Amino acid sequence: MSLLAPSAEDPSPAGISPAASDDSTDHLLTNATAERYRAAVTEAVSRVGATIAATDRPFTGITVDGLAPTVAAVDLDTPLHDTAAALDELQEVYLRDAVYFHHPRYLAHLNCPVVIPALVGEAVLSALNSSLDTWDQSAGGTLIERRLIDWTAARIGLGAAADGIFTSGGSQSNLQAMLLARDEACRRELAGDASPKDARLTDVLPRLRILTSECSHFSIRKSATLLGMGAEAVIAVPADADKRMRTDALADELARCRREGLIPMAVVATAGTTDFGSLDPMPEIADLCARYGAWMHVDAAYGCGLLVSRRRDLLAGIERADSVTVDYHKSFFQPVSSSAVLVRDRTTLRHVTYHADYLNPRRMAEARIPNQVDKSLQTTRRFDALKLWLTLRIMGAGALGELFDEVIDRAADAWKLLYDDPRFEVVVEPRLSTLVFRYVPGTDPDPDLSDQVNLHARDALFASGDAVVAGTTVDGRHYLKFTLLNPNTTLDDIATVLDLIAEHAGSYLAERPRPALSAR
Ligand SMILES: *Cc1c(COP(=O)(O)O)cnc(C)c1O
């Protein structure tokens with residue numbers, strides 16, 4: 001690309017074409033470059049809009065080997081000096097072959113199509129680049145985040161002493177909740193006189209236990225390890241046939257902990273398990289937590305959308321939690337990242353409070369200057385809250401809830417479809433919007449063959465790009481999974497994808513090498 005000034009016929013929009021006068025500061029967003037910024041970002045936005053409008057499949061089916069050379073061929077030390085040219089290149093290395101969550105036949109993971117008001121927020125927050133660690137890096141941003149935390153805590157019903165913080169995602173929210181639970185358990189155990197930052201923590205750590213359903217998210221186990229507890233610290237409580245935590249089993253495990261001198265530092269209930277969308281029985285779990293003095297954490301990373309839906313009653317009992325994880329970037333239709341951890345008692349957040357002279361000295365806390373870093377595991381932190389703010393201000397919570405209700409309705413209809421279809425077997429009737437099922441290769445099929453057929457069907461579908469579905473295991477066997485988060489996905493789309501799966505499964509069965517008959 002020429003570094004010379006564009007000719008008069010240059011068709012590129014103002015501000016995005018190469019200019020002879022370019023120096024490095026022209027690339028900074030400053031009072032002098034506002035027009036250049038507007039033109040460049042507008043160009044990017046219109047290309048994304050055009051690409052999304054033209055996508056007819058959720059994926060092109062490109063392979064790693066097919067795409068890697070294109071990415072590797074880009075010479076990062078030779079800049080193009082031209083936004084339009086870089087966006088052309090981006091089309092090849094990313095946009096053309098990306099996985100598109102807005103497509104109605106993207107049915108795989110907990111990725112949502114995103115609401116436009118949140119994208120408006122995203123555009124604003126990255127341009128201002130506020131950092132929410134301290135008041136002196138954000139001002140109003142801090143107050144907006146605090147209002148949204150209060151709003152969410154009120155929806156949950158956590159009470160007047162509640163607080164919380166935005167995080168990067170459910171995994172981090174769960175980690176922070178487990179950290180607070182650990183330090184509260186240690187504080188109690190150390191007779192309240194020693195700080196959990198004390199060395200004696202090491203005496204208590206090996207006795208701490210987290211009790212959670214066998215269907216809970218792996219980030220709970222990961223958190224336990226990160227927090228210095230061994231793998232044995234997480235007790236997997238069995239789930240019932242509907243994949244809800246069995247409270248009789250929980251009661252037994254709590255009693256066993258007490259008998260063995262172990263400390264049940266937390267019980268983690270899941271409000272919307274990642275695979276099955278099942279909701280653990282929160283009222284009963286809250287009763288048991290109260291009886292054993294255990295911290296109750298509710299992982300509502302997936303189910304939090306119920307807070308604004310007409311199915312709010314499914315979350316009954318969540319108001320008794322000590323902490324709650326919500327992922328707005330799942331069922332609130334927000335772009336990644338947008339998540340929060342909420343706590344019933346704001347004073348528990350002190351376990352993550354550290355003062356740095358350069359940033360948030362103690363005297364600022366004494367002067368009641370709101371420095372959000374005092375409550376966070378992160379330091380520099382995005383103003384993700386702005387996306388939710390504009391979403392609530394432009395479309396409102398009720399409209400978000402309607403979107404989530406719609407995908408839950410669709411999942412219920414899809415369950416009937418699957419249940420009546422002899423080609424498939426479906427595990428549980430959904431409460432939220434996932435369906436775990438498998439293709440059944442004939443009557444009384446060999447379990448290994450069933451695994452192979454389903455693994456093949458998923459891969460073949462992904463390679464075709466016609467649809468994207470997920471997979472998981474149930475009792476060690478391979479299943480397929482739909483996660484519905486797109487209200488534009490119709491029952492027809494689902495029926496079409498089931499036919500595609502059956503076709504891929506059928507051709508696998510027809511083409512597989514058959515074992516010799518004599519081998520039986
Ligand atoms: C997705 C999920 C998480 C992890 O959230 P991230 O935002 O992906 O880190 C935790 N718990 C549950 C139940 C989830 O579904």
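How many residues of the shell around the ligand are nonpolar, how many polar and how many charged? The shell divides into 2 nonpolar, 10 polar and 3 charged residues. Here Ala, Val, Leu, Ile, Met, Phe, Trp, Tyr, Cys and Pro count as nonpolar, Asp, Glu, Lys and Arg as charged, and the others, Gly among them, as polar.

A quick note before the views: this is a predicted model, where local features need pLDDT of at least 70 and side-chain atom pairs count only at pLDDT 80 or more, while totals for chains, interfaces and linings use all residues. Residues are numbered from 1 along each chain as its sequence is written, and side-chain values use heavy atoms, with hydrogens and water left out.

**View 1. The ligand and its shell.** Look for the 15 residues that surround the ligand, the closest being Gly170, Ser171, Asp299, Asp327 and Lys330; a residue is in if one of its heavy atoms lies within 4 Å. Helix α6 (170–189) and helix α11 (328–331) each supply at least two shell residues, and α6 gives the largest share, 3 residues. Helices are DSSP runs (H or I, at least four residues), as are strands (E, at least two), numbered from the N terminus.

**View 2. Side chains that meet the ligand.** An N or O atom in the side chain of Ser171 sits 2.7 Å from a ligand oxygen. For Lys330, the distance from a side-chain N or O atom to a ligand oxygen is 3.0 Å. With Asp299, it's a ligand nitrogen, 2.6 Å from an N or O atom of the side chain. The protein covers 85% of the 380 Å² of accessible area that the ligand has on its own (Shrake-Rupley method, 1.4 Å probe; for residues, only the protein chains shown count as cover).

**View 3. Salt bridges across the chain.** The whole structure has 32 salt bridges, each a side-chain nitrogen of Lys or Arg within 4 Å of a carboxyl oxygen of Asp or Glu. Lys481 and Asp275 make one of them, at 3.0 Å from N to O. Their partners in the chain are 206 residues apart: Lys481 is in strand β12 (residues 477–483), and Asp275 is in the loop between β5 (263–270) and α10 (282–292). Asp405 and Arg311 form another, at 2.7 Å from N to O. Asp405 lies in helix α14 (residues 397–419) and Arg311 in the loop between β6 (295–300) and β7 (323–327), so this pair ties together parts 94 residues apart in sequence. Asp405 is buried at 5% relative accessibility, and so is Arg311 at 17% (buried means under 20% relative accessible area, exposed over 50%, partly exposed in between, with a 1.4 Å probe and protein chains only).

**View 4. Backbone oddities.** Most residues other than glycine have a negative phi, and most peptide bonds are trans. Now check Phe333, where phi is near 60°, a positive value. Phe333 is in the loop between α11 and β8 and is buried, at 1% relative accessible area. His81 also has a positive phi, near 55°, but this residue is partly exposed at 37%. As for peptide bonds, the one from Val336 to Ser337 is cis, with omega near -5°. You'll find Ser337 in the loop between α11 and β8 (339–343).

Methods:
A polar contact is a pair of N or O atoms within 3.5 Å; within protein, one must be able to donate a hydrogen and the other to accept it, and residues adjacent in sequence count only if both atoms are side-chain atoms.
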